[in-house]
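Me: I'm new to this one and would like to learn how to read it. Can you take me through it step by step?

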Amino acid sequence: MRLETVFGLKGRTALVTGSSRGIGAAIAKGLAGAGAHVILHGTSAGGAAGVQKHISSMGGTAQELAEDLSAPGAGRELIKRAEAIAPVDILVINASAQINATLADLTPEDLAFQFSVNLGSTVDMLQTALPLMTARKWGRVVSIGSVNQLHPKGIVTAYAATKAAQHNLIQSQARDYARDNVLLNTLAPGLIDTDRNAHRRDSDPEGWEEYARTLNWMGRAGQPDEMVGAAILLSSQACSFMTGETVFLTGGY
Ligand SMILES: NC(=O)c1ccc[n+]([C@@H]2O[C@H](COP(=O)([O-])OP(=O)(O)OC[C@H]3O[C@@H](n4cnc5c(N)ncnc54)[C@H](OP(=O)(O)O)[C@@H]3O)[C@@H](O)[C@H]2O)c1
């Protein structure tokens, strides 16, 4: 079998939420490199312009949509707007909110915000996208989870709980849609060097190095590009007998 037949995404359209930077940007570039038309997304218009330019310079195609996923119904609206561009074959649920707070320090506002971005919009997007994928008899959902969904840390109590719940949603829907060739899986990263961790890395470089050295077996943070291979696997024909699973990319944990 040709590599292109297994991993190629020519003719497919992928919506990658939160692809203006970080892991989402790397995955969007990777899917475009595999041949997909990519719909980029961030909170504000023009935020993904750099990623769009990069994809064009590689000979790929991409468009951008802005939507704040903390707003009620925003996930539904985002899918509708993306479907007006092209049928969304691949949905990468990557955007998330992370507020560091222990249970004792967690405010109702911070809890509600993380629930709305991480879970509310996921429910909205799945409710809207899955019936359309089912009608077309082909769909891939790649949900970006976290090592915290399985090994939660107290400093990210609410965030970790949303990641566990998000994967639970993916599993129930994977079961319900398995016979429609609509496959849903989770890609769960460990510590990755993105803007999310920039404050910690830049304010205490030595502490950051030490943290990364002892956190996983490889003794370092991962890079966003290291998420791309697994994302292509879960977006392509390559995962045709795989659904409801989690691929952990943690450097050994
Ligand atoms: N970095 C890590 O160590 C790590 C580890 C495990 C899991 N993850 C997961 O990996 C995914 C990507 O993380 P990352 O580190 O690449 O994140 P990041 O650098 O903080 O980027 C977050 C992305 O999500 C978008 N976003 C944030 N809030 C949003 C909202 N309310 N509405 C719409 N879009 C929003 C941002 O858009 P703007 O640019 O417009 O703000 C940006 O594109 C997340 O699901 C995260 O939980 C990350």
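Me: Which helices and strands each supply at least two residues of the shell around the ligand?

Reply: Keep in mind that this is a predicted model. A residue joins the shell if one of its heavy atoms lies within 4 Å of the ligand. Here helix 2 (22-33), helix 6 (157-177) and strand 2 (37-42) each give at least two such residues. In total, 30 residues surround the ligand, and the closest are Ser20, Thr43, Asn94, Tyr159 and Thr194.

Me: What polar contacts does the ligand make with isoleucine 23, threonine 43 and aspartate 68?

Reply: For these, look for N or O atoms within 3.5 Å of each other. Threonine 43 has a side-chain N or O atom 2.4 Å from a ligand oxygen. With isoleucine 23 it's a polar backbone atom, 2.8 Å from an oxygen of the ligand. Aspartate 68 places a polar side-chain atom 3.1 Å from a ligand nitrogen. On its own the ligand has 900 Å² of accessible area, and the protein covers 91% of that.

Me: Which pocket does the ligand take up?

Reply: The largest pocket.

Me: And how many aromatic pairs are there?

Reply: You'd describe a pair of aromatic rings by the distance of the centres and the angle of the planes. This structure has 0 such pairs.

Me: Where do arginine 12 and arginine 200 lie?

Reply: Arginine 12 is over the face of tryptophan 138, 3.6 Å from the ring centre. Arginine 200 has its charged end over the ring of tyrosine 211, 3.8 Å from the centre.

How values were computed. Residues are numbered from 1 along each chain as its sequence is written. This is a predicted model: local features need pLDDT of at least 70, side-chain atom pairs count only at pLDDT 80 or more; totals for chains, interfaces and linings use all residues. Side-chain values use heavy atoms; hydrogens and water are left out. Rings of Phe, Tyr and Trp (its six-membered ring) pair if their centres lie within 6.5 Å; planes under 30 degrees apart count as stacked, over 60 as edge-to-face and the rest as tilted. A charge sits over a ring if NZ of Lys or CZ of Arg is within 6 Å of the ring centre and within 35 degrees of the ring normal. A polar contact is a pair of N or O atoms within 3.5 Å; within protein, one must be able to donate a hydrogen and the other to accept it, and residues adjacent in sequence count only if both atoms are side-chain atoms. Accessible areas come from the Shrake-Rupley method with a 1.4 Å probe; for residues, only the protein chains shown count as cover. On a 1 Å grid over the protein atoms alone, a cavity is a set of points where a 1.4 Å probe fits but cannot get out, and a pocket is an open set with protein on both sides within 12 Å along at least five of seven lines; lining residues have an atom within 4 Å of a point. A molecule sits in a cavity or pocket if more than half of its atoms lie within 2 Å of its grid points. Helices (H or I, at least four residues) and strands (E, at least two) are DSSP runs, numbered from the N terminus.
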